[in-house]
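Visitor: Got a minute to walk me through this one? I'd like to start with a single tyrosine and wander from there.

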Amino acid sequence: MKKFFVIAFATVLSFQLFAQEKGAVEKNFLKNTRQLIYEGKRSGEGYFSQDGRYMIFQSEREADNPFYQIYILDFETGDVNRVSPGYGKTTCSYFQWGDEGNRVLFASSHLDPDARKKQKEELDFRASGQKKRYSWDYEPYMDIFSANRDGSDIKQLTDAYGYDAEGAYSPDGKHIVFASNRTAFDHELTTEEKNWLKLNPAYFCELYIMDADGSNLKKLTDTPGYDGGPFFSPDGKKIIWRRFTPEGDMADVFTMDIDGSNVKRITDFDCLAWAPYYHYPEAGYIIFASNKLGYSNFELFLVDTAGLKEPVRVTYTESFDGLPVFTPDGKKLVWTSSRIDGKEAQLFIADWDNEYAMKALENAPLREKKKDKLNYHFLPEIKTGELEEKLTYIASDELEGRLTGSEGAKKAADYISNIFSDLGLQPLAENKDYLFPFDFVSDYKVIAEANEFIVDGKPYKLNTDYVPLSSSDNGEVKSEVVFAGYGLKVDEKGNYHYNSYSDIDVKDKVVMVLEGIPEGLDKEKQELFERNISGGYKQMLARQLGAKAILIITGEINNERSKEMVGSAGIISLNISESVANVLLAEKELSVEEAKKNLEGGDPKANKHLFALNTKVKIKTKLERVVKQDNNIVGAIYSEDKDAPYIFIGGHYDHLGYGEVNSRSDEGHKHDICNGADDNGSGTVTVLELAEYFAGLKKENPEAITANLVFCLWSGEELGLLGSAAFTSDLPVPADKIKAYVNFDMVGRVKDNKLEIQGVASATEWKKIFEKKNIVTGFNLSMTDDPYLPTDVTSFYLQKIPVISFFSGIHMDYHTYKDDVELINFGDLQRGTKLASLIIKEMMKPDQTITYQKVKIRKTKGTKGSYSITLGTIPVYSGGDGTGMGVQGTRDGGPAAKAGILGGDVIISLAGKDVKNIYDFMNIMNEMKPDIEYDVSVNRNGETVKLKIVPEAKE
């Protein structure tokens with residue numbers, strides 16, 4: 001029945017929209033429409049007392065004053081009394097509700113010394129018979145006042161020079177939200193800002209909130225263009241307002257929390273959508289006015305509070321219909337309209353059909369997202385609102401977590417490039433654009449027809465019975481199977497030794513092992529086994545013992561471990577199902593579950609009962625590793641001085657996508673979008689904001705740019721610094737011309753005023769510079785020496801370039817689906833960006849040296865699951881096909897540096913064992929001891945170089 005009603009209603013509504021007279025459609029929403037106010041040239045903006053008996057409004061009706069004044073209408077008696085002083089211009093009145101709801105507020109310019117003079121000039125102009133188009137004046141003497149309902153006890157609530165108006169009380173009467181362009185008058189304007197002020201003073205309007213007595217003022221918005229017309233939601237938790245584009249040609253409806261956070265765009269209407277107001281008393285939807293149907297033909301529309309649906313048209317009368325307001329019970333609507341021919345706008349009232357409105361919204365189509373509506377133009381000033389606007393897009397679901405090489409990462413790169421272009425940034429060096437591409441292994445592809453798994457002549461099914469691991473070698477093998485339990489070897493000081501291979505020979509055989517570690521381990525053994533179960537360990541151990549292939553028994557064929565390595569393990573590797581394993585074990589009258597039970601508790605003696613099988617298997621594997629390309633985005637602001645040094649400023653813009661790599665999300669959310677607002681959306685928008693700031697400085701005063709500033713957004717950081725490593729391995733400018741690199745990675749969650757500055761030992765001057773400039777911003781700085789960091793500074797430091805990295809600290813949402821925009825501390829993000837701008841300006845000074853320092857390896861305490869020794873290598877994390885482990889660089893003074901290992905080397909053997917990939921390297925490290933000399937071989941420019949290395953202990 002419900003379905004039939006919806007279909008029937010939709011059919012009726014469609015018929016109404018296209019077959020009925022337009023006025024009849026309007027009457028479905030509005031009944032008994034009538035003009036409410038007649039006296040005066042015009043009236044508008046009617047708002048109600050909490051009990052609905054009174055309406056406060058503005059009207060031009062004073063004989064000696066041609067401008068609006070404020071009046072209260074009593075619906076019981078019809079009496080009208082003036083509240084405002086009677087001279088000057090007034091607007092935007094509102095009733096105070098709540099326990100102290102005995103006052104009203106309004107904006108007025110009656111304190112303007114020229115108030116009466118302006119009145120006379122306007123009266124003389126009108127008396128001359130001349131006419132001009134109605135427009136609103138943003139009077140710099142306009143302030144907000146409160147008064148008793150009879151107009152007595154007027155109190156001034158704002159006194160800043162500039163336009164303060166458009167105020168509204170919160171439902172409890174304790175707060176006032178309003179609009180002001182005071183920032184146009186509180187600082188020295190740039191040339192661009194002066195032009196905007198002359199053209200449109202509303203450009204500087206932002207929203208503010210204060211207590212009802214005018215105290216505790218707080219700025220809520222900070223974006224280019226007009227923000228105004230704010231109101232509270234019926235529950236007082238949200239603010240709704242209209243936001244114009246900087247040019248003022250379009251506007252849309254926005255909402256936010258009352259602290260200025262959680263900004264949400266409700267309409268995307270390609271026109272002026274303004275004057276929004278919540279339906280009372282339950283805020284089920286929003287009504288607003290729009291000129292969607294013609295430049296001067298404003299009509300009323302409805303939209304759902306989430307902005308998910310296309311707006312629904314309410315009025316169909318060719319005229320101005322705007323500034324709609326519901327009565328407190330939601331049963332009537334009052335709005336400003338010019339629908340009477342030849343008349344100026346007056347207030348109208350009608351009965352409101354809420355049931356019809358709800359059904360109309362229910363049947364409205366979903367809002368179509370417009371991808372070409374992004375704003376790329378921002379002001380030079382470092383603003384919280386601009387940081388928030390950019391991060392709201394960068395960390396949105398639309399970008400799907402910005403995984404390197406993904407469509408979401410491409411959208412982020414396009415957004416960054418468009419902003420660079422708008423700022424006038426130049427390509428770096430000889431590059432034709434902002435893009436610096438790099439290759440990476442992104443995935444693998446199983447060639448189905450070239451894979452097979454046959455047991456005693458019986459073929460099994462790919463992706464049902466078996467699947468090759470992403471780390472499998474390509475090849476073919478035919479041999480007997482050996483069951484090696486969990487396929488592990490654990491040697492620890494003391495009496496405990498566990499070796500799955502102690503009594504079996506696997507040379508040239510196919511090894512079959514259980515996934516994971518034995519069940520029923522005590523806590524001590526659990527920790528011990530977990531340290532010996534890192535990626536690829538079972539494959540490496542089987543390979544070292546001469547096995548030709550490994551079968552890993554798993555309850556889920558395509559599990560996380562099957563895809564965890566992109567590089568080759570140097571051995572044919574399959575996941576097989578438990579049912580297939582049971583077929584293989586049947587020869588010994590054993591099942592997988594029984595085998596697990598035999599091995600539970602980690603008793604080493606149980607390994608003596610592992611065995612070879614007479615069963616023969618044939619395996620063929622063929623994988624193709626997918627090489628993709630992604631881009632770093634790099635743009636420059638060049639100094640007029642041709643010999644100027646370079647300062648690089650950067651951060652990574654990639655993240656984890658749907659948790660494909662390094663996700664810490666719990667199992668229930670393992671593959672939710674990881675938006676990475678802090679990591680590293682915060683760093684991305686910081687770099688963009690700094691680019692805007694210095695691009696503005698270049699336009700305003702070119703001589704102030706005394707260094708070539710290069711702004712870099714890296715991809716591939718989450719995969720192992722791939723983008724920045726590729727860039728620095730072939731720098732477009734000489735390394736000795738680069739004064740320093742400044743990095744931002746996770747800078748959006750400053751807590752308790754603490755900001756960490758990392759890598760300060762890379763140059764002798766850093767501490768002094770930060771001490772000097774932090775006086776202005778006042779952070780509680782924590783300075784750490786080590787420049788060998790798991791972020792892009794390492795790529796630059798290895799080129800002997802001084803580095804510094806801003807970091808606001810780790811948190812529980814790191815690398816999870818919870819790292820979203822609403823958790824960002826935008827106030828401190830703005831302060832941190834300001835500090836960075838001061839640091840960069842200090843670095844630009846020709847006499848300010850930044851002197852590179854070698855930093856000795858820092859021994860760190862080992863933690864659970866970490867290795868007890870260090871070699872001081874900085875790996876290249878991109879996967880390959882059994883080529884070893886690439887070395888990006890070495891820590892100065894560390895074992896690798898002492899051994900003579902160089903950046904660009906590929907480690908192919910360590911401690912007498914082959915190294916096929918980074919997982920082999922880590923697993924072998926886990927078996928090594930400190931202060932013992934080991935052999936290490938590297939491939940250097942196609943030649944094998946044999947060296948000796950002595951690991952150092954972690955303290």
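Visitor: Where does Tyr814 sit?

Guide: Tyr814 is in the loop between strand S42 (803–807) and helix H16 (826–844). Helices (H or I, at least four residues) and strands (E, at least two) are DSSP runs, numbered from the N terminus. This is a predicted model, where local features need pLDDT of at least 70, side-chain atom pairs count only at pLDDT 80 or more, and totals for chains, interfaces and linings use all residues. Residues are numbered from 1 along each chain as its sequence is written, and side-chain values use heavy atoms, with hydrogens and water left out.

Visitor: What does Tyr814 touch?

Guide: Setting aside neighbours within four places in sequence, Tyr814 is in contact (heavy atoms within 4.5 Å) with Arg664, Asp679 and Met746. Tyr814 and Cys674 are 9.6 Å apart, C-alpha to C-alpha, and 140 residues apart in sequence. Tyr814 is partly exposed, at 23% relative accessible area. Buried means under 20% relative accessible area, exposed over 50%, and partly exposed in between (1.4 Å probe, protein chains only).

Visitor: OK, now the whole chain. How many helices and strands?

Guide: There are 18 helices and 50 strands. The C-alpha trace spans about 110 × 80 × 50 Å along its principal axes, and of the 955 residues, 56% are buried.

Visitor: Any salt bridges? How many turn up in the whole structure?

Guide: The search finds 53, a salt bridge being a side-chain nitrogen of Lys or Arg within 4 Å of a carboxyl oxygen of Asp or Glu. One of them pairs Glu344 with Arg42, with the closest N and O atoms 3.3 Å apart. Glu344 lies in the loop between strand S23 (332–337) and strand S24 (346–352), and Arg42 in the loop between strand S1 (30–35) and strand S2 (43–48), so this pair ties together parts that are 302 residues apart in sequence.

Visitor: Is Arg42 buried or exposed?

Guide: Arg42 is buried, at 8% relative accessible area, while Glu344 is partly exposed, at 34%.

Visitor: Got another pair?

Guide: Sure: Asp227 and Arg243 meet in a salt bridge at 2.6 Å, N to O. Asp227 is in strand S14 (residues 227–232) and Arg243 in strand S15 (residues 238–244), so the parts being tied together are 16 residues apart in sequence. Both residues, Asp227 and Arg243, are buried.

Visitor: Switching to Asp630. What's the nearest side chain of opposite charge?

Guide: That's Lys628, 8.1 Å away; Asp630 is buried yet has no salt bridge. For charge, Lys and Arg count as positive and Asp and Glu as negative, with His and the chain ends not counted. Asp630 belongs to strand S36 (residues 623–637).

Visitor: Then which side chain does Asp630 make a polar contact with?

Guide: The side chain of Ser715, at 2.7 Å. A polar contact is a pair of N or O atoms within 3.5 Å; within protein, one must be able to donate a hydrogen and the other to accept it, and residues adjacent in sequence count only if both atoms are side-chain atoms. The Asp630 side chain also reaches the backbone nitrogen of Gly405 at 2.8 Å. Not counting residues up to four places away in sequence, Asp630 touches several others, including Phe436, Pro437, Phe438 and Tyr653.

Visitor: Nice, that gives me plenty to look at.
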